[in-house]
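Good morning, colleagues. Please take a moment to look at the sequence and the structure before I describe them.

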Amino acid sequence: MSASSYDVIPDFGLLYDNVPLYAARKDIGFYVQEAVAARGAVLELGCGTGRILLPIARTGCSVVGLDNSRQMLARCRDKLSAESDATFSLIIAPFRIAQHLTTVPDQMRFLADVLRHLAPAGRFIFDVFTPNFAALVGADGVEHEDTHPSRWCAPTGLNRVRTR
Ligand SMILES: C[S@@+](CC[C@H](N)C(=O)[O-])C[C@H]1O[C@@H](n2cnc3c(N)ncnc32)[C@H](O)[C@@H]1O
């Protein structure tokens with residue numbers, strides 16, 4: 001796919017959102033009304049930074065946005081997650097997701113976001129490991145799974161992590 005012209009200027013999404021002419025467009029109500037009337041999932045082609053997609057999402061409609069600009073889409077995602085107040089009974093971060101966060105500020109933000117989206121009495125389940133190069137890569141130089149299957153069990157229908 002060829003690069004999007006919207007990705008040529010750094011932070012173009014920020015610029016786009018601050019163009020008064022775009023911000024003042026009167027089309028939002030129309031598209032939101034049509035989305036609600038559709039009574040089903042909505043797909044927005046070329047959703048950009050979410051100028052239309054976000055107001056549709058706020059009504060509770062299920063909406064998917066496509067865009068070939070990485071910058072526009074990233075800004076749309078950020079805006080969506082910043083205002084999302086959805087809560088979940090269970091939040092999972094399987095296969096060492098937390099260990100992809102290598103700085104304490106990133107880890108703190110991660111936990112704060114989890115807390116913000118966890119329903120009262122909800123559970124957050126994640127797994128981490130102690131990196132051990134010798135255990136991961138043996139003499140054959142190939143990566144091996146180092147978590148024994150017996151560490152995962154489902155006594156209640158939900159997988160539970162056993163501690164060592
Ligand atoms: C004028 S903006 C409109 C954005 C949004 N629909 C709105 O109303 O604010 C056009 C958007 O279409 C996207 N776009 C242009 N060509 C595209 C293509 N071939 N495939 C997907 N998205 C495309 C751009 O990246 C940009 O985000």
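Helix α6 covers residues 104-117, that is, 14 residues. The expected span of a helix is 1.5 Å times one less than its number of residues, so α6 should span 20 Å, and its end C-alpha atoms are indeed 20 Å apart. I should say at once that this is a predicted model, in which local features need pLDDT of at least 70 and side-chain atom pairs count only at pLDDT 80 or more, while totals for chains, interfaces and linings use all residues. Residues are numbered from 1 along each chain as its sequence is written. Helices (H or I, at least four residues) and strands (E, at least two) are DSSP runs, numbered from the N terminus.

Is helix α6 covered or in the open? I call a residue buried if 20 or more other C-beta atoms lie within 10 Å of its own, exposed if 12 or fewer, and partly exposed in between, with C-beta atoms placed from the backbone. The number of buried residues in α6 is zero, so the helix lies largely in the open. M108 sits in this helix, and M108 is exposed because 11 other C-beta atoms lie within 10 Å. From M108 to V42, 66 residues apart along the chain, the C-alpha separation is 34 Å.

Let me now step back to the whole chain. The protein chain has seven helices and six strands. Read from the N terminus, their order is α-α-α-β-α-β-α-β-α-β-α-β-β. The radius of gyration, taken over C-alpha atoms, is compared with a globule rule of 2.2 Å times the number of residues to the power 0.38. For 164 residues a compact globule would come near 15 Å, whereas the protein chain has 21 Å. Its C-alpha trace spans about 60 × 40 × 30 Å along the principal axes. Buried residues account for 13% of the 164 residues.

The domain bounds come from an automatic or database domain assignment. That assignment gives domain 1 (5-83) and domain 2 (88-163). How far apart are the C-alpha centres of domain 1 and domain 2? They lie 33 Å apart. Two residues are in contact if their C-beta atoms, placed from the backbone, lie within 7 Å. Of the contacts between residues at least 6 apart in sequence, 57% join residues at least 24 apart.

I turn next to T87, which lies in the loop between α5 and β3. T87 counts as exposed because it has 12 C-beta neighbours inside 10 Å. Beyond its neighbours within four places in sequence, T87 is in contact with H117, L118, A119 and G122. R77 is 10 residues from T87 in sequence and 17 Å from it in space, C-alpha to C-alpha.

Helix α5 (residues 70-83) also has 14 residues, and here too the expected 20 Å agrees with the distance between its end C-alpha atoms, 20 Å. In α5, the residues Q71, M72, L73, R75 and C76 are buried. Their cover includes α1 (12-17), α4 (53-58) and β2 (63-66).

M72 appears again around the ligand, where a residue is near if its C-beta atom, placed from the backbone, lies within 6 Å. The residues surrounding the ligand are S4, Y6, G46, C47, G48, R51, I52, L66, D67, N68, S69 and M72. By class, five are nonpolar, five polar and two charged. In this scheme Ala, Val, Leu, Ile, Met, Phe, Trp, Tyr, Cys and Pro count as nonpolar, Asp, Glu, Lys and Arg as charged, and the others, Gly among them, as polar.

Which residue of helix α3 is A35, buried or exposed? A35 belongs to helix α3 and is buried, because 22 other C-beta atoms lie within 10 Å. Helix α3 (residues 28-38) is itself hardly covered, with one buried residue among its 11. Leaving out residues up to four places away in sequence, A35 touches V42, I56, T59, C61 and V63.

Finally, two backbone angles. R39 follows α3 and lies in the loop between α3 and β1 (42-45). Its phi is positive, near 50°, in a residue other than glycine. R39 counts as exposed because it has 7 C-beta neighbours inside 10 Å. F95, likewise not a glycine, has a positive phi of about 60°. F95 is placed in the loop between β3 (88-93) and α6, and F95 is exposed, with 12 other C-beta atoms within 10 Å.
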